[in-house]
Amino acid sequence: MTITLKVPSIACGGCADTITKAITGQKPEAKVSVDVEGKMVTVDSDASVEIIKEIITEAGHTVDN
């Protein structure tokens with residue numbers, strides 16, 4: 001399942017790396033793509049939207065609903 005989330009706290013490539021590492025650290029099978037300019041995170045994983053949002057939030061970022 002592909003999940004696309006708006007993450008307004010993304011400011012740079014470092015933020016993208018933090019989010020990517022947080023998600024793949026807990027869901028190693030996930031394919032993560034971060035659009036820094038668009039502030040969007042796309043995750044291809046069998047994890048639920050709630051789990052992905054929780055991982056991003058735990059990494060210190062905010063997720064729009």
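How far is the sulfur of Cys 12 from the closest cysteine sulfur, and in which residue does that sulfur lie? The legends below, which describe a predicted model, begin with this pair.

**View 1. The cysteine pair Cys 12 and Cys 15.** The sulfur of Cys 12 lies 3.8 Å from the sulfur of Cys 15, its closest cysteine sulfur, and this separation is too far for a bond. For Cys 15, likewise, the closest cysteine sulfur is that of Cys 12, at 3.8 Å. A disulfide is a covalent bond between the sulfur atoms of two cysteines. Because the cut-off for a disulfide is 2.5 Å, the pair is not counted as one, and the structure holds 0 disulfides. Cys 12 is partly exposed, with a relative accessible area of 37%, whereas Cys 15 counts as buried at 13%.

**View 2. The open sheet of three strands.** The sheet is built from 3 strands in the order 1-3-2, with antiparallel pairing. Strand 1 and strand 2 form its edges, each pairing on one side only. On average, and with direction ignored, neighbouring strands of the sheet are turned by 15 degrees against each other.

**View 3. The hairpin of strand 2 and strand 3.** Strand 2 (residues 31-35) and strand 3 (residues 40-44) run antiparallel and are joined by 5 bridges. Ser 33 has Thr 42 of strand 3 as its bridge partner, and Val 34 is bridged to Val 41 of strand 3. In a regular strand, side chains alternate between the two faces of the sheet. The hairpin has 4 residues between its strands.

**View 4. Lys 39 in the hairpin loop.** Lys 39 is found in the loop between strand 2 and strand 3. Its phi is near 55 degrees, a positive value in a residue other than glycine. Most residues other than glycine have a negative phi. Lys 39 is partly exposed, with a relative accessible area of 27%.

**View 5. The two sides of helix 2.** Helix 2 (residues 49-58) has Ile 52, Ile 55 and Ile 56 among its residues, and these three are buried. They lie on the same side of helix 2 because they cover an arc of only 95 degrees around the axis. An α-helix has 3.6 residues a turn, so residues three or four places apart point the same way. The face turned away from the buried side of helix 2 carries the exposed residues Glu 50 and Glu 58. Just after helix 2, Gly 60 takes a positive phi of about 95 degrees.

**View 6. Helices across the strands.** Helix 1 lies across strand 2 and strand 3, running at about 160 degrees to strand 2. Helix 2 lies across strand 1 and strand 3, at about 45 degrees to strand 1. The buried residues of helix 2 pack against strand 1 (2-6), helix 1 (13-26) and strand 3.

**View 7. The largest nonpolar core and the contacts of Leu 5.** Among the 15 residues of this core, those that touch the most other members are Leu 5, Val 7, Ile 19, Ile 23, Val 41, Ile 52 and Ile 56. Strand 1, helix 1, strand 3 and helix 2 each supply at least two residues of the core. Beyond its neighbours within four places in sequence, Leu 5 is in contact with Lys 39, Met 40, Val 41, Val 49, Ile 52, Lys 53, Ile 56 and Val 63.

Methods: Residues numbered from 1 in each chain as written. Predicted model: local features only at pLDDT ≥ 70, side-chain atom pairs only at ≥ 80, totals over all residues. Heavy atoms only, no water. Pairing = 2+ DSSP bridges. Buried < 20%, exposed > 50% of the residue type's maximum accessible area, 1.4 Å probe, protein only. Arc of directions from axis to C-beta. Contact = heavy atoms within 4.5 Å. Core = buried A, V, L, I, M, F, W, Y, C linked by side-chain atoms within 4.5 Å. Axes fitted to C-alpha atoms, helices over the stretch in contact; angles between N-to-C directions.
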